[in-house]
Every structure is written in structure tokens, then in C-alpha cells.
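Colleague: I'm new to this one and would like a close look at how its side chains pair up. Could you walk me through it once I have it on screen?

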Amino acid sequence: MDLNARNNVFIFDKFRVFFKHTDYYGCLHPYNYLEWTSYVREAFFSEKCGDFRRLLESPIKMMTSKIDQTVFLDSLFGDEIEGRFSCARIKRVSFDVGVRFFNKRLEKVVCETVHTLVFLDEQTQRFAAIPENIKNAVLFYQEEGV
């Protein structure tokens, strides 16, 4: 799949592999992709959901219910990485977020993370509907299965 041709992908291109990100062999440690997934997600919400800070102050809370990771290729010191965000399986109280990490040197996707976000109302202690500002934003970045 040519990710550059897709319009429904949010791209966060601020990652570079430094020594602190590598293992004994000089390869990017897979943990970094899990951490970077949250950076991509938060950049998306900050940019595409204008009143995201207001949501954070509300009783509706967002929670990751599960996360999976698949590493396809190793990345090395100095590599520039893009996080490519899209969504799938958008339901009433949850949706899946997929982040594909594209290595610019290799010109390939080197890792993919998929996690499910759910929304909870801290006052009622029940699941809550996806807030409208988030739902409207993720609908544009929806794809068939992440």
C-alpha cells in the first residue's frame, strides 16, 4: 500500500533515532514505537480537535484498552521516522488507532502499532460516547481496518 498516496493519514514527522533509543546492537529498541505512538496520537488530537484541552478537563476520560505492535525492520541511529496515524472500527464508545512508522532512509514502514481507545465518564463510572470533536476528526482519518 502506498501511504503517500492516501489523503486520510495524519503525519507526524518529528522523530529521529538517537543513541538513547537504541539497544546494544545499535537498533532502535521496540519500546520507543510504543512511546512514540502516544506522541503521534496526542499531536493529532491537539491539532485536529480544537477544544481538546477542554475535553481533558471534563469528566469524560480517554483510555487505551489494548495495544499491539509489529516490528517489520530495524531502524538505526540517525534514521528519520514519520508516524502515520489513521483510525478504524469507529463505534459509539471506542475506535482503533493505527500508527505506521515510516523510515525515510529505508523508504518503508518499519513498525505498526494498533491500539483501541475507549471513553469513560468518571462521574457515572460507565462507558461514554466518543466526544463529538474527536469523532468528527477521526472520521476523516478512517480507513478499512488498521
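To start at a single spot: is Asp51 buried, partly exposed or exposed?

Modeller: Asp51 is partly exposed, because its relative accessible area is 27%. Keep in mind as we go that this is a predicted model.

Let's stay with Asp51 for a moment, as it has a charged partner. Its side chain meets that of Arg54 in a salt bridge, with 2.4 Å from N to O. Arg54 itself is exposed, at a relative accessible area of 58%. The cut-off for exposed is over 50% and the one for buried is under 20%, so Arg54 falls on the exposed side, while Asp51 with its 27% sits in between. The general idea is simple: side chains of opposite charge can pair when their charged atoms come close.

A little further along you'll find Ser58, in the loop between helix H2 (52-56) and strand E2 (60-71). Ser58 has a relative accessibility of 18%, so it counts as buried. Its side chain reaches back to the backbone oxygen of Leu55, at 2.7 Å.

Now for the other charged pairs. The structure holds 12 salt bridges in total. Take the one between Glu80 and Arg16, where the closest N and O atoms are 3.3 Å apart. That pair links distant parts of the chain: Glu80 belongs to strand E3 (residues 80-88) and Arg16 to strand E1 (residues 10-16), with their positions 64 residues apart. Both ends are partly exposed, given 33% relative accessibility for Glu80 and 37% for Arg16.

Strand E3 gives us another one. Glu82 forms a salt bridge with Lys104, and here the closest N and O atoms are 4.0 Å apart. This pair also links distant parts of the chain, 22 residues apart, since Glu82 is in strand E3 and Lys104 is in the loop between strand E4 (94-103) and strand E5 (108-121). The two ends differ in how they are covered: Glu82 is buried, with a relative accessible area of 11%, whereas Lys104 is partly exposed at 31%. Step back and you can see how these bridges hang together: through shared partners, Arg16, Glu80, Glu82, Arg84 and Lys104 are joined into one network.

Arg84, a member of that network, has something else to show you. It lies over the face of Phe102, 3.9 Å from the ring centre. There's a charge over a ring elsewhere too: the charged end of Lys14 sits over the ring of Phe12, at 6.0 Å from its centre.

Phe12 then leads us to Tyr39. Leaving aside neighbours within four places in sequence, Tyr39 is in contact with Phe12 and Phe15. Tyr39 has its place in helix H1 (residues 31-48), and at 35% relative accessibility it counts as partly exposed. If you want a sense of scale, pick Val109: that residue is 70 residues from Tyr39 along the chain, and their C-alpha atoms are separated by 18 Å.

That brings us to the rings. A search of the whole structure finds 17 aromatic pairs. One of them is Phe19 with Phe77: their ring centres are 4.0 Å apart and their planes are at 10 degrees, so the pair is stacked. Again we have a link between distant parts of the chain, with Phe19 in the loop between E1 and H1 and Phe77 in the loop between E2 and E3, 58 residues apart. Phe19 counts as exposed because its relative accessibility is 60%, and Phe77 is partly exposed at 44%.

For the other arrangement, look at Tyr33 and Trp36. They form an edge-to-face pair, 6.1 Å from centre to centre with 85 degrees between the planes. Why do these two sit about one helical turn from each other? They are three residues apart in helix H1, which accounts for that separation. Both rings belong to buried residues, as Tyr33 has 1% relative accessibility and Trp36 has a relative accessible area of 4%.

Finally, rings can gather in a group as well. Ring pairs link Phe10, Phe44, Phe45, Phe52, Phe85, Phe140 and Tyr141 into a cluster. So if you'd like two groups to highlight on your screen, choose that ring cluster and the salt-bridge network that joins Arg16, Glu80, Glu82, Arg84 and Lys104.

Notes: Residues are numbered from 1 along each chain as its sequence is written. This is a predicted model: local features need pLDDT of at least 70, side-chain atom pairs count only at pLDDT 80 or more; totals for chains, interfaces and linings use all residues. Side-chain values use heavy atoms; hydrogens and water are left out. Helices (H or I, at least four residues) and strands (E, at least two) are DSSP runs, numbered from the N terminus. Buried means under 20% relative accessible area, exposed over 50%, partly exposed in between (1.4 Å probe, protein chains only). A polar contact is a pair of N or O atoms within 3.5 Å; within protein, one must be able to donate a hydrogen and the other to accept it, and residues adjacent in sequence count only if both atoms are side-chain atoms. Contact means heavy atoms within 4.5 Å. Rings of Phe, Tyr and Trp (its six-membered ring) pair if their centres lie within 6.5 Å; planes under 30 degrees apart count as stacked, over 60 as edge-to-face and the rest as tilted. A charge sits over a ring if NZ of Lys or CZ of Arg is within 6 Å of the ring centre and within 35 degrees of the ring normal.
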